[in-house]
Amino acid sequence: MKKIFAMIALAAATLPAMAQLEGTKVDDRIGHGEDSLLCRQNLSYFAQNLKDKNYQDAYTNWKLLMEKAPLAQMGLYTNGWTMLTNLINQAPDKAAKKQFLDDMMMMHDTRLKNVQALNSFSTPKSQTSKGAILCRKAYDYTAHAPAAYDDYKLDTAYDMFTEGINMVNEDPSHEVEAWVLQTYFNVSYQKYAKNPTEFHEQFLKDYLLCKEVCEKMLQHANLETDSVAAQAIVAQYDPALYSVETQFIESKAADRDQLIKIFTPKVEEKKNDLAYLRSVLNILSNNDCDDADVYYTAAKYAYDIEPSYDAAIGMAQRLSSQGDNAGSVQYYDKAIELCKDDKTKGKIAMKVVYALAKSGRAGSTDSYLSLAERYDPSLSGKVNFFRAQNAATSRNYGDAIAYARKAAQQDPSISGNANRLIARIEDAQKQYQARKAEYDKANAEYKQQLEKQQKLENFWKGR
C-alpha cells in the first residue's frame, strides 16, 4: 500500500508537466504546496523587476520560478529570454556570460520538454513548436557562445539549426522565420570557409533551401488580402533573401570551374539516379552553370530516364549552344507540354525566358512572357520585372523604370528587387547627368578659348 500511495503521489507531482492545462489560472499551475506562496511573491517581484529593467533582481526571482513552477506562465520564457539576453550582453566577464548563457540553454530545454503543456494555456500568438524553440536555442548559442564558452563549436550550432529547421519544415502550418534563415546560412558559410572542399555541395544545398523558403514566403505575400500583412511578410523575407544571396556571391562557392569540377565525375557516377540528376540540374541552373557540358550531360541522362520539363530545358539549351535554335524551341515547347497544371506551365515559361536570356536570345522571349502571363496571371509582376531588366540592359531607362514600378505594384514579393533596380537606374542617370554637365561646362569653356584665340589671331593678321 505504501508503494501504491508513493506512485500516486509521484504521478500527481508530475502530472502538470504532461497534462493539458487549458483554462487554468496561474495559481492552479503553481499549486498549493508550501512553496506556492513564495512562487506567487516571486512572480510579482519578477514582473516589477522587468518593468524597472532591474534584470539582476529579476534573474534571482526567475531562477526560483524556473525551479519550482516552470509552468506558471509563458512569460518565464518570453520575458526570461529578454532578461537573459540583457544580462549576457552586460556581463562584466566571460564567467558571468557563461552562467547566464547556461541558464538560457536550460530555459530552452525546459520549454522544449513542456511545450505541449505551455501551449495549452497560452494565447495563439504565444504558442510555438519544438522546431521553433530549437531554432531559437541555436540562434542564442550562435550569438553568445563564442564569447562565453571556451569549447564553442560551430558544428554544434549548425547541427542544432539543421534539426530545428527540419522540424519546422515537417509542419506545413509553420514556416522557418527569416532571422533563422539568415543566421543558419551565416553558420553554414562559416563551415564552408573552414572546409570548402568537403562542405561545398552541402553549402550549395543550404543556399538553395534558404532561397526557396524566402521566395515561397514572398510569394505568400501576393496571396494576402491585407496589404499591411503582405508588407510585413516582405519586410521580413526580402532583406533575408537579399542578405543570403549577397553572402553567397561573396563566398564564391558558385565559382564555375569549381562546380564543374565537383559535378562532372558525380554525374557520370550517378547517371542512372534520376533524383540526383534533377538535384544537379537545379544547383547548376541556379548558379549560372546551365551552359556547361556537365549540365547538358545531366539533362540528357535525366531526359533519357524520364522526360521532364527541367531536363527538356537542358536539352533545349544544349541545342541552342550548338546554334540549332529551331531544335531548341521544340524542346522549350516540349518542357511546357510535359506539364498539365497551368500555374506550373507559367513557371516553366518563365524558366524558358531566363534560359533564352542566358543564351543571348532575350529578344526571343516575348512569346514565352505572354505564355507565362496567360497560364498564371499572378506572374505578371515577374514578367514586367524581366521586361524592366531587359529594357535597362538596352539602356531604355524610361521603359525600365515604368516596368519596374508596375512590377512592384503587381507583385509585393519582388518589390524589393524592383525598387533596388529603380534606385540603380536613377543613380546611374544622376551620375550621367553630372558627367554630362561637367562635359558641357568643359566644352563651353573650350569653345570660349577657341573664340578668344581666333580673335587674337585675327587681330595680329589685321582682320
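A salt bridge is a side-chain nitrogen of Lys or Arg within 4 Å of a carboxyl oxygen of Asp or Glu. In this predicted model, E201, K205 and K266 are linked in a network of such bridges. A search of the whole structure finds 18 salt bridges.

Start with helix α6, which covers residues 94–113. Here K98 and D102 join their side chains in a salt bridge, with 2.9 Å from N to O. Both residues belong to this helix, four residues apart, and that is about one turn of the helix. Are these two buried or exposed, or something in between? K98 has 37% relative accessibility, so K98 counts as partly exposed. D102 counts as partly exposed too, at 31%.

Now move to helix α22. Its residues K436 and D440 are also four residues apart, about one turn of the helix. They form a salt bridge, and the closest N and O atoms are 3.1 Å apart. K436 has a relative accessible area of 36% and is therefore partly exposed. D440, at 35%, counts as partly exposed as well.

Helix α22 spans residues 415–460. It also takes part in a bridge to another helix. The side chains of E426 and R405 meet at 3.4 Å, N to O. E426 lies in helix α22, while R405 lies in helix α21 (residues 397–410), so this pair ties together parts that are 21 residues apart in sequence. E426 counts as partly exposed because its relative accessibility is 30%. R405 reaches 45%, so R405 is partly exposed too.

Next, look at the rings. A pair of aromatic rings is described by the distance of the centres and the angle of the planes. The whole structure holds 18 aromatic pairs. One of them joins Y158 and Y184. Their centres are 5.6 Å apart, and their planes meet at 20°. Why is this pair called stacked? Planes under 30 degrees apart count as stacked, so an angle of 20° fits that class.

Where do the two rings sit in the chain? Y158 is in helix α9 (residues 154–170), and Y184 is in helix α10 (residues 178–194). The pair links distant parts of the chain, 26 residues apart. Buried means under 20% relative accessible area, so Y158 at 7% counts as buried. Y184 is buried as well, because its relative accessible area is 2%.

Another pair is set at a steeper angle to the eye: take Y332 and Y368 and check the planes, which lie at 70°. The ring centres are 6.3 Å apart, and the pair is edge-to-face. Y332 lies in helix α17 (residues 325–337) and Y368 in helix α19 (residues 366–375), so the pair ties together parts 36 residues apart in sequence. Y332 and Y368 are both buried.

Rings can also join in a group. Which residues form a cluster through ring pairs? They are F185, Y189, Y192, F203, Y207 and F248.

Finally, see where a lysine meets a ring. Go back to Y158, the ring stacked with Y184. K191 lies over the face of Y158, at 5.2 Å from the ring centre. A second case involves K270 and Y276. The charged end of K270 sits over the ring of Y276, 4.6 Å from its centre.

Notes: Residues numbered from 1 in each chain as written. Predicted model: local features only at pLDDT ≥ 70, side-chain atom pairs only at ≥ 80, totals over all residues. Heavy atoms only, no water. Phe/Tyr/Trp six-rings, centres within 6.5 Å; stacked < 30°, edge-to-face > 60°. Helix = DSSP H or I, 4+ residues; strand = E, 2+ residues; numbered from the N terminus. Buried < 20%, exposed > 50% of the residue type's maximum accessible area, 1.4 Å probe, protein only. Lys NZ or Arg CZ within 6 Å of the ring centre and 35° of its normal.
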